[in-house]
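Got the viewer open? Let's take a walk through this one, stop by stop.

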Amino acid sequence: MNQYSQLVAADQPGFTAAQVRELLAPQFSHDWQRSQPFDAYLRCYGLQSLVDDSQFSIARLSVCEAELVVQRYRQRGTSRGTVLLVHGYMDHAGLTRPLAEFLFQQGWDLVLYDLPGHGLSNGAPHAVDDFFHYADQLAELIRQLLPGLQLPLTLIGHSTGGAIITTMLLREADSERWPLTRPVLLAPLLRPTHWQSIRRKYRWLRPWLRRVRRVYQHNSHDRDFMTFIRRRDPLQHPWIPVRWIGAMLVWIGWIEQQAPSPLQPLIIQGTEDRTVEWQYNLGELRRLFPQGEQYLVESARHNLINEARRWRSQVFSRVLQLLERECDESRRVP
């Protein structure tokens, strides 16, 4: 039985985002109080062992006029560095647990956070008026956390999280001075599937529609995971704001006009991805990052963090190879 089988079979979660959020302080503290709603949150996403094994802290931080819930998991012994995970659209930090758990077991500290309107963070569900706000928030979050992090720092983003990391690195001058390793982009968003149709419908319908109903795609071979997010995850929302679609379309126009960059991301992409136009996207990302590295996972779907074990193990192994190589190189730098 995998982790999601257990979560699907468990009792109802017994918490809301607001209940957990109101328990959190506006700064990190190791003296945080366990409570029924927070324990229910940990059980719901299988995070108990990660919390118990680490020096755990959590806070709701003010970041660029947003209130973001940020979690830190530190090694009790020697740490090899820090990984900051950025989840995808309509996901949240709790759903990054498989990769977070794997990396923590390999010796890395972790930082997880929920985008505004996602997970435990405040804000209208799934909404943003300007896609670049995401990148500004990530940059400011790094600025706030950097003095207390074990270095080097690696950024890993899935889907929209990959787009956020890419955008921040292309726009943020301070990032050149940060002790960052090569970023990892998992099935990064550029153009979504049916992009042309989405653009036409947005132009026709935006004067009359404020939101559209979410369609749960088959983005993983793990059936228990799919059942969990459709029926058991209390942090899912059934609607997509039309203004988010408009913000995404503006961002696509911007990213496709950017000049080639010397950044060298590792891009991991599944070949059975029906969420993004991955073949077009890889070509555009190859133009944008000519020194980057692309790795295909045959027949993997979009949610590479929550794929079935056969595909997920390939993804995690490749991520670990990069982290270990970058960690070794950072030690050699005088």
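Two strands count as paired when DSSP finds at least two bridges between them. Keep that in mind for the opening stop, and remember throughout that this is a predicted model.

**Stop one: a pair of strands**

Select residues 153–158, which are strand E5, and residues 184–186, which are strand E6. E5 and E6 run parallel and are joined by 3 bridges. Now click on Gly157 and look across: opposite it, in E6, stands Leu185.

**Stop two: along the sheet**

Zoom out to take in the sheet those strands belong to. In what order do its 8 strands come? Read across it as E1-E2-E4-E3-E5-E6-E9-E10, an open sheet with mixed pairing. Strand E1 (55–63) and strand E10 (293–297) are at the edges; each has a single partner strand, so one side of each has no neighbour in the sheet. On average, neighbouring strands here are turned by 20° against each other, direction ignored.

What holds such an arrangement together? Strands of a sheet pair through backbone hydrogen bonds, either parallel or antiparallel.

**Stop three: strand E9**

Next, select residues 266–270, strand E9. How many of the 5 residues here are buried? The count is 5 of 5. Colour Leu266, Ile268 and Gly270 one way, since they point to one side of E9, and give Ile267 and Gln269 another colour, as they point the other way. There is a general pattern behind this: in a regular strand the side chains alternate between the two faces of the sheet.

E9 has company on either hand. It runs parallel to E6, joined by 3 bridges, and Leu266 in E9 is the bridge partner of Val184. It also runs parallel to E10, this time with 5 bridges; there, Ile267 is partnered by Gln294 in E10.

**Stop four: Phe289**

Move on to the loop between H11 and E10, where you'll find Phe289. Is Phe289 buried or exposed? Its relative accessible area is 3%, so it counts as buried. Show its surroundings: apart from neighbours within four places in sequence, Phe289 is in contact with Thr166, Leu170, Ser261, Leu263 and Pro265. If you'd like to try the distance tool, go from the C-alpha of Phe289 to that of Leu266: 9.9 Å separates them, with their positions 23 residues apart along the chain.

**Stop five: Thr166**

One of those contacts makes a good next click. Thr166 sits in helix H7, residues 160–171. With a relative accessible area of 6%, Thr166 is buried too. Sequence neighbours within four places aside, Thr166 touches Leu185, Ile255, Leu288 and Phe289. You've already met Leu185, the residue opposite Gly157.

**Stop six: helix H10**

Ile255 from that list takes you to helix H10, so select residues 242–255. How far does H10 reach from its first C-alpha to its last? The span is 20 Å over 14 residues, close to the 20 Å expected at 1.5 Å a residue.

H10 is mostly covered, with 10 of its 14 residues buried. Among them are Trp244, Met248, Trp251 and Ile255. The buried residues of H10 pack against helix H6 (132–145), H7, helix H8 (195–205), strand E7 (211–213), strand E8 (239–241) and helix H11 (278–288).

**Stop seven: Asn281**

Follow that last partner, H11, to Asn281. Asn281 counts as buried, at 1% relative accessibility. Leaving out neighbours within four places in sequence, its contacts are Pro188, Leu190, Arg191 and Val276.

**Stop eight: the aromatic rings**

Show the aromatic side chains now: 15 aromatic pairs turn up by the ring-centre rule. Pick out Phe15 and Tyr41, whose ring centres lie 5.7 Å apart with planes at 90°, so this pair is edge-to-face. It links distant parts of the chain, 26 residues apart: Phe15 is in the loop between helix H1 (3–9) and helix H2 (17–21), while Tyr41 is in helix H3 (residues 36–44). Phe15 is buried at 5% relative accessible area, and Tyr41 is buried at 0%.

Then add Tyr4, Phe38, Tyr45, Phe56, Tyr73, Phe225 and Phe228: together with Phe15 and Tyr41 they form one aromatic cluster.

**Last stop: the annotated span**

Finally, select residues 79–308, where an unreviewed UniProt entry places the feature "domain: Serine aminopeptidase S33". This span is 35% helix and 15% strand, and its end C-alpha atoms lie 28 Å apart.

Methods. Residues numbered from 1 in each chain as written. Predicted model: local features only at pLDDT ≥ 70, side-chain atom pairs only at ≥ 80, totals over all residues. Heavy atoms only, no water. Helix = DSSP H or I, 4+ residues; strand = E, 2+ residues; numbered from the N terminus. Buried < 20%, exposed > 50% of the residue type's maximum accessible area, 1.4 Å probe, protein only. Contact = heavy atoms within 4.5 Å. Expected span 1.5 Å × (residues − 1). Axes fitted to C-alpha atoms, helices over the stretch in contact; angles between N-to-C directions. UniProt positions renumbered as here; feature names shortened; annotations may be inferred. Phe/Tyr/Trp six-rings, centres within 6.5 Å; stacked < 30°, edge-to-face > 60°.
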